[in-house]
Amino acid sequence: MVYSSKKLFLFFLSCIMLIFNYNTSGIVTTANSIGLNYGLLGDNLPAPSNVLNLYKSIGITKIRIFDPNTEVLNALRGHNNIEVTVGVRDQDLAALAASEEAAKDWVATNIEPYLADVNISFITVGNEVIPGPIGPQVLPVMQSLTNLVKSRNLPIAVSTVVAMSNLKQSYPPSAGKFTSQAREQLVPVLKLLSQTSTPILVNIYPYFPYASDPTNIPLDYATFNTEVVVVQDGPLGYSNMFDAIFDAFVWAMEKEGVKDLPLVVSETGWPSAGNGNLTTPDIAGTYNRNFVKHVLSGKGTPKRPNNGMDGFLFATFNENQKPAGTEQNFGLYNPSDMKPIYKLF
């Protein structure tokens, strides 16, 4: 196999890694880092052992999987330098919410067998189910799993992953506020997380608002490709859309009395095909390269300056079993030959 990622990329990612530390007060602290989402919705994906070799070659020490896939978790045995975020499948939430015993069985089946030699750092309860019909199931499952890991003194954080559909308003960022359904379903989750400063995981995609209005939204603003302030929000100036979305979520949390809660960017990226000249390898590469630089710079956002930020790029591979179009083209690598679709550095 040929891996052509630049050594600078390896240097940055191998030297700066995400660390979730539980100190004596149970507080989670984070440092700047970049990880990758490892999706499995394809029929031509490489074997997990080959994928781990790829991660090693580019210095990735943090990955996210969307469910407790046994093949991937078994391949991770002995790779303790790779921190793994494991998702609870959306379709499993109802059963786990209804019974603490079911939650206990889920941990016994999907987490305990790997504790000795797999570095599981996070469990995420559902993926973008808040706000929505099964959103109310998230909180009881989080409570059960949090109690379970705490009772065993496991260094595993429990959270959930949410999209920006929770925001009723996001422009300007200081006007950020949650929808009524998000206030019902998300705010209790945020308050649970704030008890231990455990991060909420957020998916932020500037691509989607840009693609909906490319005439009025500058591409450079959407891709971190300018230092010019495009949005002035009181004393805060925004030169990229990502920071504006991030801060709108922070403002919305503060309006609900949740302050200083860490955010981890569980997904961000840009498709390299599927929507004409809005989705090219050049644009996708520009966005992802600039996102990596932005995170590793440590400068934070206008509302949270000089504050650590951690993010997972979406995704490792193009996945051909996702819906046709852009959804199949968020990958950094072609699955057939594991060659990069564009250069990150």
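This section describes the overall form of a predicted protein model and then a selection of its residues.

The protein chain contains eleven helices and 14 strands. Its C-alpha atoms occupy a box of roughly 55 × 50 × 40 Å along the principal axes. For a chain of 345 residues, a compact globule would be expected to have a radius of gyration near 20 Å, and the value of 19 Å found for the protein chain agrees with this. Of the 345 residues, 52% are buried. Among the contacts with a separation of 6 or more, 69% join residues that lie 24 or more positions apart. The surface exposed by the protein chain amounts to about 14,300 Å², and carbon and sulfur atoms supply 50% of that area. The protein chain carries 24 positive and 28 negative side chains, and a distance of 5 Å separates the centres of the two sets.

Two threonine residues were examined with respect to their surroundings. Thr268 is located in strand β13, which covers residues 263-268. With a relative accessibility of 0%, Thr268 is classed as buried, because this value falls under the 20% limit. Apart from neighbours within four places in sequence, the contacts of Thr268 include Ile204, Tyr205 and Pro206, as well as Phe242. Thr268 is also in contact with Tyr287 and Phe291, and with the consecutive residues Phe312, Leu313 and Phe314. For one of these partners, Leu313, the C-alpha atom lies 5.2 Å from that of Thr268, although the two residues are 45 residues apart along the chain. With another partner, Tyr287, the side chain of Thr268 forms a polar contact through the side chain of that tyrosine, at 2.5 Å.

The second threonine, Thr301, is situated in the loop that runs between α11 (281-297) and β14 (310-313). Thr301 has a relative accessible area of 3% and is therefore counted as buried. When residues up to four places away in sequence are set aside, Thr301 touches Asp243, Phe246, Asp247 and Met309. The side chain of Thr301 makes a polar contact with the side chain of Asp247, at a distance of 2.5 Å.

Backbone geometry was considered next. The peptide bond that leads from Ile130 to Pro131 is cis, with omega near 0°. Pro131 belongs to the loop between β6 (119-127) and α6 (138-151). A cis peptide bond also links Phe314 to Ala315, with omega near 5°. Ala315 falls in the segment after β14, while Phe314 is among the residues in contact with Thr268.

Positive phi values in residues other than glycine were found at Phe224, where phi is near 60°, and at Met338, where phi is likewise near 60°. Phe224 occupies the loop between α9 (219-222) and β11 (231-233), whereas Met338 is placed in the segment after β14. Phe224 is buried, since its relative accessibility is 10%. Met338 is buried as well, with a relative accessible area of 3%.

Finally, two residues located in helices were examined. Ser144 is part of helix α6. A relative accessibility of 10% places Ser144 in the buried class. Outside the span of four places in sequence, Ser144 touches Glu100 and Ala103. Pro188 lies in helix α7, which comprises residues 180-194. Pro188 is partly exposed, because its relative accessibility of 33% is neither under 20% nor over 50%. Leaving aside neighbours within four places in sequence, Pro188 is in contact with Leu139 and Arg183. Pro188 and Tyr114 are 74 residues apart in sequence, and their C-alpha atoms are separated by 31 Å in space.

Terms used: Residues are numbered from 1 along each chain as its sequence is written. This is a predicted model: local features need pLDDT of at least 70, side-chain atom pairs count only at pLDDT 80 or more; totals for chains, interfaces and linings use all residues. Side-chain values use heavy atoms; hydrogens and water are left out. Helices (H or I, at least four residues) and strands (E, at least two) are DSSP runs, numbered from the N terminus. The radius of gyration is taken over C-alpha atoms; the globule rule is 2.2 Å times the number of residues to the power 0.38. Buried means under 20% relative accessible area, exposed over 50%, partly exposed in between (1.4 Å probe, protein chains only). Contact means heavy atoms within 4.5 Å. Accessible areas come from the Shrake-Rupley method with a 1.4 Å probe; for residues, only the protein chains shown count as cover. Lys and Arg count as positive and Asp and Glu as negative; His and the chain ends are not counted. The place of a charge is taken as NZ of Lys, CZ of Arg, CG of Asp or CD of Glu. A polar contact is a pair of N or O atoms within 3.5 Å; within protein, one must be able to donate a hydrogen and the other to accept it, and residues adjacent in sequence count only if both atoms are side-chain atoms.
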